[in-house]
Structures are given as C-alpha cells and as structure tokens.
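Visitor: I would like a close look at one charged side chain and its partner, taken slowly. Please then follow the surroundings outward, step by step, until I can place the pair in the whole.

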Amino acid sequence: MSGLPEPRSSLGLREGYHSLQVDAEVRLNTNESPWPPPEAWRAELAAATAGVAWARYPDRSAAALRSAIAAAHGVRPDQVFAANGSNEVLQAICLAYGGPERTALTFEPTYALHGHIAHLSGTRVRVVERDAELRLAPGAVAAAVGCLDPAITFLCSPNNPTGMLDDPGVLDAALSAGSGLVVLDEAYGQFAERSALPLVRDDCPLVVVRTFSKTWSLAALRLGYAVAPAPVVATLERVALPYHLDAFKQIAGRLALGYEADMRERVAALVSERDRLVAGLGALPVKVWPSQANFVLLRPDGRGGREVWKGLLERSVLVRDTSSWPGLAGCLRVTVGTPGEDDRFLAALAEVLA
Ligand code: PMP
C-alpha cells in the first residue's frame, strides 16, 4: 500500500461554496423561501408518486416536465434543459462549452459558483470587477468581452449577493462584443421587474438559467433549468448523465408549475416584506444596496462584518457573512424572511450596533 492518490493538481483544491449550517432560530442565510409550497401540491404529489414504476428507469428526456416548463415560458420543449438544481445546469454548460484552452468570464462580486464550477471543469476563469457601487456598466462589459472573447460569459441579474438588476445594456453588450455563450443566471428572476427570457431564440447565444429553489419554495427538491437555443439544449443533453433527473423530481416539478398563482402571491408578499425590511434598515447605521431579489446586501457603518455577524448569531439570527468576499469588506447579506423573522433580525441588529 502506498497511501492514497492525489487528486489532479489543476483542481487547486479550492474551498467549496458553502453557507454554514449552524443551528439558529432565525435562518436568513441561504435565500430560501420562508414559506412551504402549497398543501394541495403535497397531496397531489403523494397521489402521483403512488403510480411510479420504481423498478424502471425514469423518462430520460423528462418530456412532461420540459413541456410544462416550456409552456410556462412560451418556448418549445426542445429549448428547455432541466437538471438537479441550477448548479447542475451551470456544470453541464461548463462541461460542454468550457474546458481547457477556453475562458469563462465573471463580474465580481457575483455568485461564487459561476467561477468555482468553471474552474472545476478545467476552464480558465477571468474576473472583472464591478464598479465601486458594485454595478456593471455596459461599456465595461463590452470591453472585457471584446478583449477576452470568453467561451462563456456569466451574468447574474438580479445579482447575488448585491441584489441589483443589471442595466439592460449589459446583456446587449455581452452578446454583441463576443462570440461565446452568454449565461444569464436568473435564480431570483421572478422577484425582479424584468427578465431576459423573452430574448431567448435559436439563433442567439443567450442561455437563461432558473431554479425551483427560491420562488417556488422547493430548495429541497434540487431542480433547475435553462431556457436556451435548441442546439445548445441538445448539446447539454449529451453532457448530462443518463437518467440524471429521477422520476420523483420530474413529477414534483411538473405538478409545482400548476401552482403558479400561489408562487406569484408568495413572491409579491416577499417583495413587499423586502421593502419593509429595507425601510427598517434605513433607521440603522448601515449602508443598504437596492435589491430586486429576496435578500439585501448591507454594510454596518464602522463595524467589522464578522463581528456583527457573530453578534447576530449570539442572538440566534443567522445571516450570510460576505465580508471576506472580494469587494465586499464589512458586508453581510440577509435573506427576506417572514415578518416575524425580519423583526427578530432588525431588533438583533439594532442591539448589536447600539
Ligand atoms: N444561481 C444563483 C445566483 C444562486 O444564488 C443560487 C443559489 N444560491 C443558485 C444559482 C443555485 O441554485 P440551485 O439550488 O438551483 O442549485
């Protein structure tokens, strides 16, 4: 025995992207929905799964689920690729369109898994920083994409962790300045006032990525999808493992789409609760960035982010400590919760900052 082998050196053994799963009474750290999906959906799901032929592999093409997603967005099923969470969608994109000798471009600070997954797939990652207000100017995007001509340009709007929506010129700039794929992560799309979904066409290299984890109250389900040109979807299907979407998930996702009105109601309630939370923060010594998502980025004046994070946790309120992320010194990200949870957070923060 000569010990265990080393993983490939190009992996670089980076830290993964994990939010601490510590016990706290109020958990506002992972941008989940504070409310469960509808009870009627649970009942329908229980009845539908009773009929599953568990001894058999599921529908490999997930035809019914993809048709339901396509119908919800007014596109064709062959323009929909579904996977185990939008993270797996991003992984399939990187495996197919990234890889050695290819570049992926990210605009930091943004969702850390764009760069992380690209790196794991062997793709060279280039990072361009947002401006001092954490915004992205179309001119800066055009310059970066024109100069690097990345195989994949990642955009995220509303952006995690800033919560801000990109100027519409950003997407135009990314699409027209390069020849690669532009991947627009809309994990928080339904919270915002506009979406790029209507721009997806078979002859345009735009891929819009969405998830059931946030607005659909289904983070435990692990289901996400891309709406993309049909040839891109066909390529992603070839990269995905056979039968990667299990029968339960296909049924659960399809049935969830039947409760769109409930989802929109929850989203509207969270948007008004977000505005209440931001108003509450306005009375405290913190800088707040304007959010179009279900979370808010803030920076306490003159106090270390880690110190404030710890003070909140001592009061059993868990938020995301983003203070060590590039460009986010002193910052914390708080998910919009129920009114009761948000009041607990505001009271705890007022105490910590007193
Ligand atoms: N994209 C963004 C911007 C996110 O914030 C998240 C979740 N934190 C994801 C994708 C991943 O979501 P999923 O649960 O669908 O993998």
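Guide: Let us begin with E237, which has a relative accessible area of 26% and is therefore partly exposed, since that class runs between the limits of 20% and 50%. Please keep in mind throughout that this is a predicted model. The side chain of E237 meets that of R66 in a salt bridge, with a distance of 3.4 Å from N to O. The two partners come from distant parts of the chain, for R66 belongs to helix α2 (residues 63-73) and E237 to helix α7 (residues 230-239), and 171 residues separate them in sequence. R66 has a relative accessibility of 12% and so counts as buried, because the limit for that class is under 20%. The pair thus joins a buried arginine, R66, to a partly exposed glutamate, E237.

For a contrast in sequence distance, turn to E260 and R264, which form a salt bridge whose closest N and O atoms are 2.8 Å apart. Both of these residues lie in helix α9 (residues 260-281), and they are four residues apart, which is about one turn of the helix. E260, at 28% relative accessibility, counts as partly exposed, and R264, at 44%, counts as partly exposed too.

Another salt bridge is made by the side chains of R76 and D78, at 2.9 Å from N to O. R76 is partly exposed at 36% relative accessibility, and D78 is partly exposed with a relative accessible area of 36%. These two residues also belong to a wider arrangement, in which R76, D78 and D202 are linked in a network of salt bridges. The structure as a whole contains 18 salt bridges, and those described here are among them.

Now let us go back to α2, the helix that carries R66, and look at the sheet it rests on. Seven strands make up this open sheet, following the order β2-β8-β7-β6-β5-β3-β4, and their pairing is mixed. Its edges are formed by β2 (80-83) and β4 (124-129), each of which pairs on one side only. Ignoring direction, neighbouring strands in this sheet are turned by 25° against each other on average. Helix α2 packs on the sheet by touching β2, β7 (206-211) and β8 (224-227), and its direction makes about 125° with that of β2. Elsewhere in the sheet, β3 (residues 103-108) and β5 (residues 152-156) pair in the parallel sense over two bridges, with L105 standing opposite T153 in β5.

To place all this in the protein, we need the division into domains, which comes from an automatic or database assignment. Domain 1 covers 9-37 + 261-353, while domain 2 covers 51-259. The contact between them draws 38 residues from domain 1 and 31 residues from domain 2. Their C-alpha centres lie 24 Å apart.

A nonpolar core also connects the two. This largest core has 75 residues, and within it L281, L312, F345 and L349 touch the most other members. Helix α11 (residues 339-353) supplies the largest share, namely six residues. Because domain 1 and domain 2 both give residues to this core, it lies between them. There is also a second, separate core of 27 residues, which includes A92, C156, V183 and A240. In the larger core, L281 is in contact with V286, V288, V296, L298, F345, L346 and L349, leaving aside residues up to four places away in sequence.

A further sheet completes the tour. Five strands form this open sheet in the order β1-β11-β12-β10-β9, again with mixed pairing. The strands β1 (26-28) and β9 (286-288) are its edges, each pairing on one side only, and the twist from one strand to the next averages 35°. Within this sheet, β11 (residues 317-321) pairs with β12 (residues 332-335) in the antiparallel sense, over two bridges, and D321 has L332 in β12 as its bridge partner. Helix α10 (residues 305-314) packs on this sheet, where it touches β10 (295-300), β11 and β12, and its direction makes about 160° with that of β11. Helix α11 packs there as well, touching β1, β9, β10, β11 and β12, with its direction at about 90° to that of β1.

Key
Residues are numbered from 1 along each chain as its sequence is written. This is a predicted model: local features need pLDDT of at least 70, side-chain atom pairs count only at pLDDT 80 or more; totals for chains, interfaces and linings use all residues. Side-chain values use heavy atoms; hydrogens and water are left out. A nonpolar core is a set of buried Ala, Val, Leu, Ile, Met, Phe, Trp, Tyr and Cys residues joined through side-chain atoms within 4.5 Å. Buried means under 20% relative accessible area, exposed over 50%, partly exposed in between (1.4 Å probe, protein chains only). Contact means heavy atoms within 4.5 Å. Two strands pair if DSSP finds at least two bridges between them. Axes are lines fitted to C-alpha atoms, for helices over the stretch in contact, and angles run from 0 to 180 degrees between N-to-C directions. A salt bridge is a side-chain nitrogen of Lys or Arg within 4 Å of a carboxyl oxygen of Asp or Glu.
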